[in-house]
Amino acid sequence: MSARPAAAAFYGTIRLIRRFEERCVDLVRSGDIGSGIHPCVGQEGVAAGVCAALRPDDALLSNHRGHGHFLARGSDPGRFLAELTGRVGGVDRGRAGSFHPSDLSAGIWGASGTVGHGAAIATGLGWALARDGDRVAVSVFGDGAVSQGALLESFNLASLWRVPVVFVCENNGYATTLPAPAGIAGSVAGRAAAFGIPASTVDGQDPEVVYDAMAAAVDRARGGDGPSLVEFTTYRYEGHHTFERRMRLAYREEAEVARWRERDPLAIQAARVPPPVREAIDAEIEEVLDAAVRFALESPRPDPADAADHLYATPVRIRGSLFAPLGAAAVPDGAGPQFRWGFSHA
Ligand SMILES: Cc1ncc(C[n+]2csc(CCOP(=O)(O)OP(=O)(O)O)c2C)c(N)n1
Ligand SMILES: [Mg+2]
């Protein structure tokens with residue numbers, strides 16, 4: 001098992017995510033992030049612990065509340081923020097935004113707002129990776145995803161084929177405004193157990209506890225023993241989406257938010273790091289984020305004329321015939337130029 005990182009490293013990751021999200025809220029207010037965001041403030045301990053247990057060449061599939069996963073895996077804050085603000089300098093050239101980004105340089109093979117479907121991609125990816133070394137795939141999803149058909153089908157195949165995939169459930173107690181107990185028959189861990197997948201439910205507010213549980217699951221997958229599921233109990237302090245700041249939704253009590261704030265992952269980890277070390281980390285993070293905001297807002301917006309570029313990969317031959325849809329008549333053999341799916345402007 002890989003050695004657990006130093007306390008200061010976890011603190012830095014959590015602090016970076018916290019301050020990044022707070023800057024994002026400012027940029028939503030100013031109109032620079034037009035889509036709004038799903039803030040992960042309160043859940044940073046899960047992202048920090050899960051991602052620290054991975055090797056750089058492992059693959060992670062994120063979801064709509066995924067900014068923390070990107071930052072914890074080492075995505076460049078400037079390029080990631082440029083993505084959220086829809087700029088050419090973004091990790092996906094400003095085309096994916098907050099809901100569907102990917103950053104292969106950080107081992108993130110995509111994030112999907114289609115709840116639960118990352119599990120299917122991660123399972124297929126893990127199956128492919130297992131043919132070529134000992135890389136592990138990870139799917140992160142919320143409690144609202146655990147009754148999705150795609151996710152349960154993925155559990156079945158992952159177990160049957162001993163796929164090196166770790167299913168990570170960030171159970172923050174709500175799917176939009178629906179409390180988890182009102183949406184989940186049985187339990188999250190029980191679903192995995194039904195498919196013969198080992199599962200545990202773990203405190204998601206302490207990044208070191210998260211790391212230990214995740215490292216064990218990753219070891220199991222890397223060692224060829226197949227999938228596992230870890231459900232981390234956590235909480236979001238903000239609304240489901242920043243739009244909730246403009247609405248009065250009465251689905252939870254302030255007292256509940258306050259109770260969870262008493263087990264804040266940032267405070268838990270701060271208590272393990274000497275104050276002068278923390279102050280140095282905090283100062284460095286503000287500099288990194290100042291530079292990130294500057295980089296993002298100075299980066300140009302994409303040219304609408306290029307909107308259809310980079311949507312589809314170069315076509316591949318499947319059993320001798322070119323897999324090409326209607327309208328793509330002049331597709332070159334093999335690795336040709338950017339394939340355009342039926343668009344006539346090419
Ligand atoms: C397949 C699908 N069904 C419904 C939705 C609408 N939807 C968006 S977010 C959400 C709740 C997600 O809750 P959860 O998985 O617990 O993640 P959280 O937002 O709490 O992080 C739903 C149902 C969707 N995006 N995709
Ligand atoms: Mg949830």
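Me: Which residues of α1 and α2 meet each other?
Reply: This is a predicted model, so let's go by its helix contacts. On the α2 side, Glu44, Gly45, Ala47, Ala48 and Ala52 take part. Their partners in α1 are Phe10, Thr13, Ile14, Ile17 and Arg18.

Me: And how does that contact of α1 with α2 split by class?
Reply: Two of its residues are charged and two are polar. The nonpolar ones number six.

Me: Are α1 and α2 oblique or roughly parallel?
Reply: Their axes come within 9 Å, with α2 covering residues 44-52, and they cross at roughly 130°. Angles over 145 degrees would count as roughly antiparallel, and 65 to 115 as roughly perpendicular. The crossing sits in neither range, so α1 and α2 are oblique.

Me: What is the handedness of the crossing of α1 and α2?
Reply: We're still on the pair whose axes cross at roughly 130°. That crossing of α1 and α2 is right-handed.

Me: At what angle do α2 and α9 pack?
Reply: Helix α9 spans residues 207-222, and its axis lies 7 Å from that of α2. α2 passes α9 in a right-handed crossing. The packing angle is about 40°.

Me: Which residues of α9 make the contact with α2?
Reply: From α2 come Gly45, Val46, Ala48, Gly49, Val50 and Ala52. The contact of α2 with α9 counts eight nonpolar residues, two polar and one charged. On the α9 side you'll find Pro207, Glu208, Val210, Tyr211 and Met214.

Me: Back to α1: why are α1 and α12 called oblique?
Reply: Helix α1 is residues 7-29 and helix α12 is residues 275-298, and their axes come within 10 Å. Under 35 degrees would count as roughly parallel, but these axes cross at roughly 40°. α1 and α12 are therefore oblique.

Me: How many charged residues are in the contact of α1 with α12?
Reply: α1 brings Ala8, Tyr11, Gly12, Arg15, Leu16, Arg19, Phe20 and Arg23, while α12 brings Val277, Arg278, Ile281, Asp282, Ile285, Leu289 and Val293. By class, nine are nonpolar and one is polar. The charged count is five.

Me: How far apart are the C-alpha centres of domain 1 and domain 2?
Reply: The domain assignment gives domain 1 as 7-302 and domain 2 as 312-346. Their C-alpha centres lie apart by 34 Å.

Me: What share of residues 15-303 is helix?
Reply: UniProt, in an unreviewed entry, lists that stretch as "domain: Dehydrogenase E1 component". Its end C-alpha atoms are 35 Å apart, and 13% of the stretch is strand. Helix makes up 44%.

Methods:
Residues are numbered from 1 along each chain as its sequence is written. Chains are lettered from A and ligands numbered from 1 in the order in which they are written. This is a predicted model: local features need pLDDT of at least 70, side-chain atom pairs count only at pLDDT 80 or more; totals for chains, interfaces and linings use all residues. Axes are lines fitted to C-alpha atoms, for helices over the stretch in contact, and angles run from 0 to 180 degrees between N-to-C directions. Helices (H or I, at least four residues) and strands (E, at least two) are DSSP runs, numbered from the N terminus. Two residues are in contact if their C-beta atoms, placed from the backbone, lie within 7 Å. Ala, Val, Leu, Ile, Met, Phe, Trp, Tyr, Cys and Pro count as nonpolar, Asp, Glu, Lys and Arg as charged, and the others, Gly among them, as polar. Domain bounds come from an automatic or database domain assignment. UniProt positions are given in the numbering used here, feature names are shortened, and annotations may be inferred rather than shown by experiment. A crossing is left-handed if the near helix is turned anticlockwise from the far one by less than a right angle, and right-handed if clockwise.
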